[in-house]
Number of protein chains: 2
Amino acid sequence: MSLRHAVLGLLAEAPASGYDLMKLFNASLSSVWPATQSQVYGELTKLTTAGLVEVAAHGPRGRKEYAITDDGMAELRHWLTEVEPSGPQRHAGVLRVFFLGVVTPLEAQTYLLHQAERAARTRATLEHIEETAEWDEEMISVYGRIALEYGLRMSATQEEWARWAADEVTSAKARKASELARAQHEEGRQSPEE
Amino acid sequence: MSLRHAVLGLLAEAPASGYDLMKLFNASLSSVWPATQSQVYGELTKLTTAGLVEVAAHGPRGRKEYAITDDGMAELRHWLTEVEPSGPQRHAGVLRVFFLGVVTPLEAQTYLLHQAERAARTRATLEHIEETAEWDEEMISVYGRIALEYGLRMSATQEEWARWAADEVTSAKARKASELARAQHEEGRQSPEE
DNA sequence: GCACGCATGTAATTGGTTACATGATTGC
DNA sequence: GCAATCATGTAACCAATTACATGCGTGC
């Protein structure tokens, strides 16, 4: 149930409307916890009935500005400190690797190098964010930077791994080819005798 | 729709029953694409009606042994080579980092060091698998090792990052404390004059 | 004969995605 | 007046989780 806590976390910084929250999700949380508009609005009504947030102000165009309640803050703190982060980790990119044996080594390498480039691109995007963002001296930016650093390190590791993996495929291919050659050589020695 | 392809991928290696597939999911795919029993059985019937797999043999206890069809292999190859790996990446562990500002720096550090230990534990588990697994000379094991290496590198990076992050919190705390001290010093110089 | 493992399935619920639907305000 | 942006919501669908339900076969 992390969407709930993502919303609480954003509202802990400042009151916001559903519309504002969507912008925040798209701007800063999209890569770690994407959410759709329906989800956010739905969660806000659920959180309101649960008493974890409240409508603090009504604005123009039916705007409802939500604020976190004391119960909401307690729940957020509880989640941060006492609940083990879990939830199954699905990783479609690595899943494919398991099955790369069904395509040719060349196709497998193409896939892996493609992955490397993808990782490089996300790394470049994150570096751009790091350079352009103004890191004011708030506590909040400390943790923003830490999260960003996570992305930077992970994408770097991913790129290195993918390039290494592509190399591995090459050497496995070579190994297999030399084995095959040796087998044919043996066969060649035997066949005239038959 | 990766569950579908995970099932196809496993059946590409060898025919299997739903029960067999569950064992394979729990043994080798649990960390990249966990699946429940209901999901696997459901997917198998869907795949059968779609003509991507077929019941190759009936065994005791109503056992149905499924085999991949030509259409299924084509679909698997297509997914591997022509479909961009995507699907939103959710990461509850990093999501929390964004909100660590709402708890004390000490609690934040505790959380981060906890994360480091978790990463170290998964790394240890993977190393154990690497040592105990018999890496036969099949092509399949080449890709199995590559996937394992991904896990090893990622958990190592994650551990390093978490330790670094905990340090960052320390220095941010120190920075803030010294600023506060300076502010109080300034105040101390001014207050007698007021 | 009984326990354990093999083997298959269904039902209810939650979380997430896509698409649709509607309307108010502001700035040009 | 009109376009862009602000703003909220619903409905249908798909994917995944949990829990339940059932029964056959093998080995002790």
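This briefing covers the protein–protein interface, the two DNA-facing surfaces, the hairpins and the salt bridges.

The model is predicted: local features need pLDDT of at least 70, side-chain atom pairs count only at pLDDT 80 or more, and totals for chains, interfaces and linings use all residues. Residues are numbered from 1 along each chain as its sequence is written, chains are lettered from A and ligands numbered from 1 in the order in which they are written, and side-chain values use heavy atoms, with hydrogens and water left out. Chains A and B bury about 6900 Å² between them. DNA strand C has 21 residues around it, and DNA strand D has 21 residues around it.

**Interface of chains A and B**

- Contact means heavy atoms within 4.5 Å. By that rule, 69 residues of chain B touch 68 residues of chain A.
- The size of an interface is often given as the accessible area lost when the parts come together. Buried area here is the accessible area (1.4 Å probe) that two parts lose on being put together, summed over both. Of the roughly 6900 Å² (about 6900 Å²) buried by chains A and B, 69% is on carbon and sulfur atoms.
- Between chain B and chain A, 19 residue pairs are in polar contact, both residues being at pLDDT 80 or more. A polar contact is a pair of N or O atoms within 3.5 Å; within protein, one must be able to donate a hydrogen and the other to accept it, and residues adjacent in sequence count only if both atoms are side-chain atoms.
- On chain B, the elements giving two or more residues to the side that touches chain A are α1 (2–13), α2 (18–29), α4 (70–82), α5 (92–98), α6 (105–132) and α7 (139–190). Helices (H or I, at least four residues) and strands (E, at least two) are DSSP runs, numbered from the N terminus.
- α7(B) gives the most to this side, with 22 residues.
- The side of chain B that touches chain A has 38 nonpolar, 15 polar and 16 charged residues. Ala, Val, Leu, Ile, Met, Phe, Trp, Tyr, Cys and Pro count as nonpolar, Asp, Glu, Lys and Arg as charged, and the others, Gly among them, as polar.

**Salt bridges**

- A salt bridge is a side-chain nitrogen of Lys or Arg within 4 Å of a carboxyl oxygen of Asp or Glu. The whole structure has 16 of them over all chains.
- Four salt bridges cross the interface of chain B and chain A.
- B:E168 pairs with A:R145 in a salt bridge, with the closest N and O atoms 3.6 Å apart.
- A:E84 and B:R118 form a salt bridge at 3.2 Å, N to O. A:E84 lies in the loop between α4 (70–82) and α5 (92–98) of chain A and B:R118 in helix α6 of chain B, so the pair joins two chains.

**Surface near DNA strand D**

- A residue is near a molecule or strand if one of its heavy atoms lies within 4 Å of it. A:Y19, A:Q37, A:Y41, A:K64 and B:S38 come nearest to DNA strand D.
- Of the strand D atoms within 4 Å of the protein, 65% belong to sugar or phosphate and the rest to bases.
- A polar side-chain atom of A:Y19 is 2.4 Å from a phosphate oxygen of DNA strand D. For A:R63, the distance from a polar side-chain atom to a phosphate oxygen of this strand is 3.0 Å.
- A:Q37 places a side-chain N or O atom 2.6 Å from a base oxygen of DNA strand D.
- The elements supplying two or more residues are α2 (18–29) and α3 (37–50) of chain A together with α3 (37–49) of chain B.
- The surface near DNA strand D divides into seven nonpolar, eight polar and six charged residues.

**Surface near DNA strand C**

- A:S38, B:Y19, B:Q37, B:Y41 and B:K64 come nearest to DNA strand C. Sugar and phosphate make up 66% of the strand C atoms within 4 Å of the protein.
- Side-chain N or O atoms of B:Q37 and B:Y41 approach DNA strand C: B:Q37 at 2.6 Å from a base oxygen, and B:Y41 at 2.5 Å from a phosphate oxygen.
- A polar side-chain atom of B:S38 lies 3.3 Å from a base oxygen of DNA strand C.
- α3 of chain A, with α2 and α3 of chain B, each supply at least two residues.

**Hairpins**

- Two strands pair if DSSP finds at least two bridges between them. In chain B, β1 (residues 53–58) and β2 (residues 64–68) pair in the antiparallel sense over five bridges.
- B:R61, in the turn of the chain B hairpin, has a positive phi of about 55 degrees.
- In chain A, β1 (residues 53–58) and β2 (residues 64–68) are antiparallel over five bridges. A:V55 has A:Y66 as its bridge partner, and A:H58 stands opposite A:K64.
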